[in-house]
Amino acid sequence: MADFPTTARVVIIGGGVVGTSTLYHLAKAGWADCVLLEKNELTAGSTWHAAGNVPNFAGSWAVMNMQRYAAAMYRTLGEDVDYPMNYHVTGSIRLGHSKERMQEFERVASMGAYQGLEMTICTPDELKEMHPFMETHDLAGGLWDPLDGDIDPAQLTQAMAKGARDLGARIERFCPAIGIERDGDEWIVKTPKGDIRCEYVANCAGYYAQRVGEMFKPFGGRTVPMVTMSHQYFLTEPIPELEAWTKEKGHKVPLLRDVDTSYYLRQDKSGLNLGPYERNCKAHWVTPDDPMPEDFSFQLYPDDLERLEYYIEDAMARVPILGTAGVGRNINGPIPYAPDGLPMVGPMPGVRNAFEGHCFTFGIAQGGGAGKVLSEWIMHGETEMDMWAVDPRRYTDYTDHDHCLAKALETYGHEYAMHFPHHAWPAGRDKKLSPVHDRVIAAGGQMGAYNGWERANWFAQEGDDTSEESTQTWDRNGPWAKRVKEEVEAVRDSVGVLDLPGFSRFNLSGEGAAEWLRGRIAGALPKVGRMNLAYFPDSRGRILTEMSLMRHGEDHFTLITAATAQWHDYEILSRNLPDGLSLTDHTTEYSTLIVTGPKSRDLFEGLGTEADLSASWLSLQPAKVSGVDCALARVSFAGELGWEIHAANANIPALYDAVVGAGAKPFGMWALNSMRMEKGYRAWKGDLSTDYSLLEAGLDRFVKLDKPQDFPGKAALLAETQQGVKKRFVTLIVDAGDQDAPYMSTVWHNGEVVGETTSGDWGYRVDKSIALGMVRAELAEPGTEVEINIFGKICKATVQPDQPLWDPENARIRA
């Protein structure tokens, strides 16, 4: 094996569509010194038996970006790499049975328009013209995507493999990775053919990703949160009517998805391919008596068509010619599922210079885009587009096997489900509980999960409808609306308390900690005994994250950030931490109560609080509330006079009981979100993401370009200051109907797309629908009128002055 590569810049483990796409994109970018390892032949895992559908449609902005890129890439790939491709761009129809489903289609079509896709809302009669074999009498309408279609997965993979090889990259087939070692800054990937030393490793092992992930545990890794599901589809014998129609028209019928029933149906040669996502689904390799085999290459599970009977019968009623042909072949193969059904593409949590690209339930549709994104992570440490929706670090330690299995079954069984803003999926819950969880539930708390932590979204009273069905709507108003309004009014007029477990909480200390932080953030540090917001830019001056800095001493800080940011932000801090500094995660040891409202000072005084309650906004001090040790931070995300109580978990029950006993009304996350919108406060990975620079986001006051420290992105921000921003953050008052603007609603002006919303909600204190978002810089002037597409309804919106809608002078918060 004299020609076996013993060194490489990157080693990719896994030769499916995602691994080869990553290799191809690396090689195209000039990183040809890369090796892909495949334990069998290319495509031997989920790729070989994939149906090969290539939709643009996605409810996630990031996933739509990946799929849009992939579909466009595939249309020229055969010519680009000189390899024959069977890619049929047939267009697709999604069927809508209800008003709610049609609203979802309107929303996705609007997002698609922003990304340059032309999706069309159709009537049942228009659908019938496109697909004459389909019954449409019971439909509300549908969505037409002319660029959807299907591709041969093996040809796609081999084409990208050829392109990568032609550019100098290496592929080693029948060469599994059997171990990982670390030597200084290098990885050593062990194979039966020999060892390969490299700088970076990427786990693209498909349904074997969890097994490969175990190799990285000695170096800080974790068990990959995933489960392998059984997915079946079958191919019919040829259907004469379909064959005749195809010959006459010269093309296939469009791909059909009945998303309310939960299946796709597409033409395959002269027959049909039916693929359901059945509620009575099945996972494999999840129990000791059903272990994952060492090698399942090019193998399938036994047929289990009984699971599909309901879906087959429904599909035959929808397209009667389906029932005229026999089953030619059934495919029952493994596909990996992450808990939320989205893939993992990005840095491997806890492991330096290791990356992941796996758990693709729609790997063919997303493979091209995934290779682009993963290659960017490897080469640059950042991606062109914000990809938090698929970042592996979005999961933390709550994703044990029971959680992953429950969520995989739920997600697969609801693959085409609508994700309503007030709906919470019930499986896999109660993984992390507040010290006062029982009290919150007893008070009527209707819970949501935040990085596994259960928090109350709103508080129901006797007689309120708390059914799951009541939340399956896009509308603003439901059983919760009256209660959220009451909670906001209590905070506005008196005092409320929000139990907030799960804040990500890190302690940083050691000589030089302050100076090191100055070199990581765009702005200034707080003085000792105070706190402030700090923004961490990437190399382009875009927003990596936002943290609250609490300064206890010259070089002693507590950094607090969003619950979901725990592993992401810890990595930002630990990645470049100098020797001599200490960084520790205390997220699970402490909790937080938000006590806020104009009577909050009176409440603390009445409890005999041992603290200086006249200390100014953003002050921080140790305290005793009702005799219980804690820390008080003078800050309020609700925009009222208030404090955060930070305390050890053991002290939270007594503190909560004291505050509630003194008259504070419990309120939930939905009330808090409404109030932060009225103040224009940004939320992480909504309003604050790597899609935007700090200056575009209107965070100029947190940027000190004249400080001596050369923080990341400083040069880019200086250049942007000189050239001017192209986008600008705005607050909009919207003439909305029954729905507020969801994330990434398209903003129009004079018939042109000019921006997007990043948050939307009803402001109960200002009694208006509010949207935060980005528009072209010249349109950010107060009074400018634009339009927002909200579920297909064009709503007028007006740009507001650059100040809070509620209490613009901040007099209440500083009282």
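Okay, let's start with what the record says: UniProt, in an unreviewed entry, lists residues 380-434 as "domain: FAD dependent oxidoreductase central". What we have on screen is a predicted model, so keep that in mind throughout. Over residues 380-434 the chain is 25% helix and 0% strand, and the C-alpha atoms at the two ends are 39 Å apart.

A second annotation from UniProt, again from an unreviewed entry, puts "domain: GCVT N-terminal" at residues 436-707. There you get 24% helix and 29% strand, with end C-alpha atoms 44 Å apart.

Let's look at some sheets, then. What is the strand order in the open sheet of 6 strands? Reading across, you go S29-S30-S31-S28-S22-S32, and the pairing is mixed. At the edges sit strand S29 (620-625) and strand S32 (665-666), each pairing on one side only. Inside that sheet, strand S22 (residues 496-500) and strand S28 (residues 590-596) run antiparallel and are joined by 5 bridges. If you want a pair to click on, try Val497, which stands opposite Val595 in S28. Packed on this sheet is helix H16 (residues 652-661). H16 touches S22, S28, S29, strand S30 (628-633), strand S31 (642-648) and S32, and its direction makes about 10 degrees with that of S28.

A quick reminder for anyone new to this: strands of a sheet pair through backbone hydrogen bonds, and they can do that parallel or antiparallel.

Next sheet. This open one has 5 strands, ordered S24-S25-S26-S23-S27, with antiparallel pairing. Why is one side of strand S24 (531-537) and of strand S27 (582-585) left without a neighbour in the sheet? Because S24 and S27 stand at the edges, and each has a single partner strand. From one strand to the next, the twist averages 30 degrees. Strand S23 (residues 504-509) and strand S26 (residues 556-561) run antiparallel, with 6 bridges joining them. One residue pair to look at there is Leu508, whose bridge partner in S26 is Phe557. This sheet has a helix packed on it too, namely H14 (residues 566-575). H14 touches S23, S24, strand S25 (543-553), S26 and S27, and its direction makes about 70 degrees with that of S25.

One more strand pair: strand S9 (residues 179-183) and strand S10 (residues 186-191) are antiparallel, joined by 5 bridges. Ile180 has Val189 in S10 as its bridge partner. S9 and S10 make a hairpin with 2 residues between the strands, and Gly184 takes a positive phi near 65 degrees in it.

That brings me to two residues that have a positive phi without being glycine. Phe298 has a phi of about 55 degrees, and you'll find Phe298 in the loop between strand S16 (283-284) and helix H8 (309-318). Then there's Lys685, with a phi of about 65 degrees, in the loop between helix H17 (669-679) and helix H18 (714-723). Buried or exposed, what would you guess for Lys685? Lys685 is buried, because its relative accessible area is 17%, and the cut-off for buried is under 20%. Phe298, at 37%, counts as partly exposed.

Now the inside. Which residues have the most contacts inside the largest nonpolar core? They are Met229 and Ile378, in a core of 103 residues. Helix H2 (residues 61-81) gives the most to this core, with 11 residues. Leaving out residues up to four places away in sequence, Ile378 touches Val10, Thr22, Leu26, Trp31, Tyr200, Ala202 and Phe355. Apart from that core lies another, of 28 residues, among them Phe604, Ala623, Leu655 and Tyr656.

What about cysteines? The count comes to 0 disulfides. Cys34, for example, is in none, and the nearest cysteine sulfur, that of Cys198, is 9.5 Å away. Cys34 is buried, at 1% relative accessible area, and Cys795 is buried at 2%.

Last stop: Asp802, in the segment after strand S38 (793-799). Asp802 counts as exposed because its relative accessible area is 78%. Its C-alpha atom is 8.8 Å from that of Gly698, and those two residues are 104 apart along the chain. Okay, over to you for questions!

How values were computed: Residues numbered from 1 in each chain as written. Predicted model: local features only at pLDDT ≥ 70, side-chain atom pairs only at ≥ 80, totals over all residues. Heavy atoms only, no water. UniProt positions renumbered as here; feature names shortened; annotations may be inferred. Helix = DSSP H or I, 4+ residues; strand = E, 2+ residues; numbered from the N terminus. Pairing = 2+ DSSP bridges. Contact = heavy atoms within 4.5 Å. Axes fitted to C-alpha atoms, helices over the stretch in contact; angles between N-to-C directions. Disulfide = S-S within 2.5 Å. Buried < 20%, exposed > 50% of the residue type's maximum accessible area, 1.4 Å probe, protein only. Core = buried A, V, L, I, M, F, W, Y, C linked by side-chain atoms within 4.5 Å.
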